[in-house]
Amino acid sequence: MGASSSSLLDESKISYIRGRTEAELKNFSPHYRRQSCVAFFCHLKDEVEQHRAGQAQLLKQKEPPQASEVLYKDSMLYFDDNRKWRERFVVVRADYSLELHDSQESYTKGTPARHKLLPTGGAVLTSEEKYTAVVDKAFPDLNGSKEEPSVPVVAVPGPLPVYLRLPYRRDSYFCFQQEEKRARFVSILNDCVRHQNQDYLKSMACEVQGFLKAIHFYRQEKGHYESWDMLMGHDCEVLANLVMEELLPSLQTELLPKLKGKKPERKRLWFATVETTYELVHEQLREGLESLKNECRDATKLQEAIIRSDMDQIINSQTFLETKLQVLVSEPAMKYSSESVAPYLTSILEELMGPVSAGFQAVRLLLEDELTRVCKDFPQGGVTEELQSALQQAGRDRVEDCYQHVNVLKEQLQELRNRFKFSNSTRVVHCTQNQMQQLMENAVYTFELLLQAALKDKPDKQASVMEKAKLRVLKQFDYDSSTVRKKIFQDALLDITLPAIRRNLAPGCKTELQKFEQFIFADYTNFVQVENIYENILLNLLNNEVNKVVKEAASLKKNNLFADSTDLQCVSQSSLADSRTPPLSAPSSPPQVLAVQKISSPSEGTVSEDTHQTHETSVIPTVKITVSSPESAETTSPLNVAESQPDVPPTLPNNSSPILEVAETDVSSTKPETIVCAEDSSSPQPETRSEVKEDDVTSVSSDQAPVPLADACETLTVEADEESKDASAPQSEIKEECVHTVQPDARLTINAEVLPDGCVDGTDANEHSVDNKVCEAAPSSDENSNGTQDSPAVDASPALDSVPDGPEGGAVALTSELDNHSGIADTDSPEDTADSVYAIRDLIMEVIEVEDIIRPCDENQH
């Protein structure tokens with residue numbers, strides 16, 4: 001605050017500040033040296049084991065812009081160093097720094113900026129009352145005198161001021177004449193604050209991770225276990241904040257009593273003193289920290305050969321040490337967690353879920369609104385510069401309103417201060433808002449990519465292509481939103497509660513940790529640290545409890561959270577021209593194809609292709625379910641399907657269930673109620689013909705980190721032999737695509753290789769298959785046989801290229817063939833696919849159980 005450089009610091013105070021800074025850096029250095037080696041080892045370990053960093057998402061992410069790229073520029077009034085208001089040309093770069101130029105002309109000529117501002121830790125305020133309140137709170141007035149309202153800090157020349165309050169540094173003031181310009185500047189300024197606070201800290205570079213661990217253990221050494229609200233900015237800024245936190249109490253004690261005059265003057269002098277102190281500390285730390293970092297870089301390079309050659313031994317040493325520490329840590333940690341942490345996780349999550357989910361929902365509505373507007377404004381003409389410009393500006397003026405939903409967390413999470421001593425709600429808010437911004441940008445970029453790819457194939461259908469691209473992007477946004485929000489909840493719950501466990505266990509465990517250093521081989525002490533293993537044990541223990549709570553919330557479908565990565569039936573990332581993509585296909589996997597086999601009896605009535613009507617003989621259909629292998633999918637041509645069937649959209653979404661091959665056989669309703677093993681040679685089997693048809697499918701193409709999710713484009717093929725009394729009568733084939741819901745009283749013929757529930761990452765589905773014998777079930781009554789005739793007619797479907805809205809449940813494709821004398825060849829109208837799949841699964845299990853009890857197959861009798 002204030003522009004005066006005067007302060008209360010004399011030479012002795014400056015020398016004292018330099019000495020304290022040097023001492024803090026010296027005490028911090030051993031922690032940094034240790035953690036830089038550990039972080040470097042973890043980096044090489046991940047490199048060797050090929051661990052993928054980050055979370056896989058469906059929306060495409062644009063490459064980060066160059067730091068010099070301009071995000072914003074405009075002219076405004078600025079309160080400069082001479083305490084005068086002057087017009088300045090403000091430029092915001094892609095590194096989220098602000099440059100202040102004398103004029104737009106000087107900026108155009110390439111003249112260096114007059115001033116560069118890094119708003120790390122800043123608070124953006126737009127009213128004088130709020131700004132004054134924040135300044136008064138930051139001023140430690142020892143007198144506590146109640147004076148008359150102070151005069152404004154600066155006299156604002158216009159109606160629309162903007163105050164940027166910065167910790168330990170001089171505040172900045174701007175002024176506007178138009179509300180629209182001010183709103184735009186406030187939005188970009190808030191972006192700068194958030195990104196300056198968090199971008200460096202979320203880097204996965206080993207040097208950054210080593211520094212953050214060193215800060216963490218250094219503060220613990222001082223008895224500070226809680227989440228630190230001044231952990232923001234780059235390494236030098238973080239360390240400067242740490243030194244200032246140690247220095248300020250002594251400066252207040254020595255200098256505040258010397259302040260004379262009225263309160264505005266005392267505040268001006270104090271903040272000028274703090275600013276000068278920070279500049280001294282920052283300048284000294286910048287030189288010392290850079291020297292320390294260079295020293296550690298050289299040391300880690302010398303150790304790289306040892307790490308690579310002894311990687312297995314170092315990992316074994318870590319594992320052995322962890323086993324020993326588990327005995328010491330697990331019992332007290334579990335006891336405290338179960339009594340004082342776990343009971344509160346659900347209530348904390350409830351506090352988080354409301355505002356966070358409301359914010360992401362607001363972003364989704366804004367995205368849908370903006371894409372709808374773009375589709376309306378640019379119906380023809382391809383991806384032009386005007387369209388690209390409109391997409392770049394999509395939602396920027398209104399996204400600040402979405403962020404306001406999350407700001408309420410600053411107040412809501414204050415109640416956690418007493419129980420968990422948590423005071424860093426600003427970090428949770430800023431991380432959430434950054435994710436909201438990133439997701440919005442990813443969605444707009446993905447929309448643009450889809451248009452560019454699709455319009456190459458269908459240049460004359462831009463309106464329909466844009467609509468389908470919008471629907472696809474919204475579905476992918478839903479999945480990514482769920483993934484990101486669950487990560488936000490997990491990180492926040494850990495950030496809030498883990499310090500309490502550390503603090504509680506420290507008296508009993510911290511003193512014992514040194515005894516475990518004897519279990520580390522001497523050559524590996526640089527890469528294996530007892531304190532890191534101890535922290536990992538606590539983190540994993542609490543993380544298990546946190547994951548349970550988050551999964552429970554997802555299973556209850558609260559706030560649109562998906563239970564796992566296979567729940568969202570989103571469309572694939574392939575081009576819009578190819579909307580039939582197989583479910584659960586990784587980018588490099590072969591396509592999985594639905595193979596449909598027909599087993600029919602030639603002795604029944606006929607089915608008319610034109611009228612879809614049959615004779616009155618009732619037949620209960622049975623189904624055979626098998627898993628079609630990728631090899632068979634690659635060798636079967638889909639031409640016969642494409643030629644005989646008009647475009648009908650897939651209506652069944654993907655799921656973690658395997659791709660099933662389903663065929664239906666006829667069973668006479670007049671047979672007695674028996675369950676016969678199909679492999680029994682004594683059982684009479686009707687002569688059957690089979691014909692394999694496969695739907696044309698395409699594998700998912702994506703250069704994202706692999707997530708095996710795609711559109712489910714599954715078909716239901718119903719084929720019936722048309723057979724009249726004349727043996728030469730032609731046969732008719734009816735192919736229909738729909739969702740088939742099996743009635744509970746149906747009997748199933750099963751030949752299945754069924755995967756267990758859930759998705760097994762990185763493994764072949766066939767490796768987890770379970771073979772089930774083919775068994776045939778006959779209906780028990782005529783009442784069951786009539787159920788086939790009463791099924792509703794096939795529901796009409798939209799065009800093939802449309803994007804299906806899939807439910808979250810599982811999906812199984814069934815091929816149903818009715819005998820020629822069965823009733824009308826119908827299927828149930830589409831219902832909730834999840835319920836139908838669970839009904840199918842339960843029905844299959846019932847048939848298997850009854851088959852084993854009543855008349856087991858030959859194999860089961862041995």
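I began with the pair of helices α3 and α7 in this predicted model, and I noted that α3 passes α7 in a left-handed crossing. I then looked up which residues make that contact, and found Val135, Asp136 and Ala138 on the α3 side, with Lys263, Lys267, Trp270 and Phe271 on the α7 side. Sorting the contact by class, I counted 4 nonpolar and 3 charged residues, with no polar ones.

Next I turned to the geometry of the pair, taking α3 as residues 128-138 and α7 as residues 263-309; their axes come within 11 Å and cross at roughly 70 degrees. Angles of 65 to 115 degrees count as roughly perpendicular, and I therefore entered α3 and α7 as roughly perpendicular to each other.

I went on to the sheet, which is open and is formed by 7 strands with antiparallel pairing, in the order β4-β3-β2-β1-β7-β6-β5. At its edges I found β4 (115-117) and β5 (123-125), each of which pairs on one side only, and I recorded an average twist of 35 degrees from one strand to the next.

Within the sheet I checked β1 (residues 70-79) against β7 (residues 172-176), and saw that these strands run antiparallel and are joined by 2 bridges. I also noted that Tyr78 stands opposite Phe174 in β7.

Lastly I asked which helices meet the sheet: α3 lies across β5, β6 (160-165) and β7, running at about 20 degrees to β6. Helix α4 (residues 179-198) also packs on the sheet, where I listed its contacts as β1, β2 (85-93), β3 (98-101), β5, β6 and β7, and its direction makes about 10 degrees with that of β6.

Methods. Residues are numbered from 1 along each chain as its sequence is written. This is a predicted model: local features need pLDDT of at least 70, side-chain atom pairs count only at pLDDT 80 or more; totals for chains, interfaces and linings use all residues. Side-chain values use heavy atoms; hydrogens and water are left out. Axes are lines fitted to C-alpha atoms, for helices over the stretch in contact, and angles run from 0 to 180 degrees between N-to-C directions. Helices (H or I, at least four residues) and strands (E, at least two) are DSSP runs, numbered from the N terminus. Angles under 35 degrees count as roughly parallel, over 145 as roughly antiparallel, 65 to 115 as roughly perpendicular and the rest as oblique. A crossing is left-handed if the near helix is turned anticlockwise from the far one by less than a right angle, and right-handed if clockwise. Contact means heavy atoms within 4.5 Å. Ala, Val, Leu, Ile, Met, Phe, Trp, Tyr, Cys and Pro count as nonpolar, Asp, Glu, Lys and Arg as charged, and the others, Gly among them, as polar. Two strands pair if DSSP finds at least two bridges between them.
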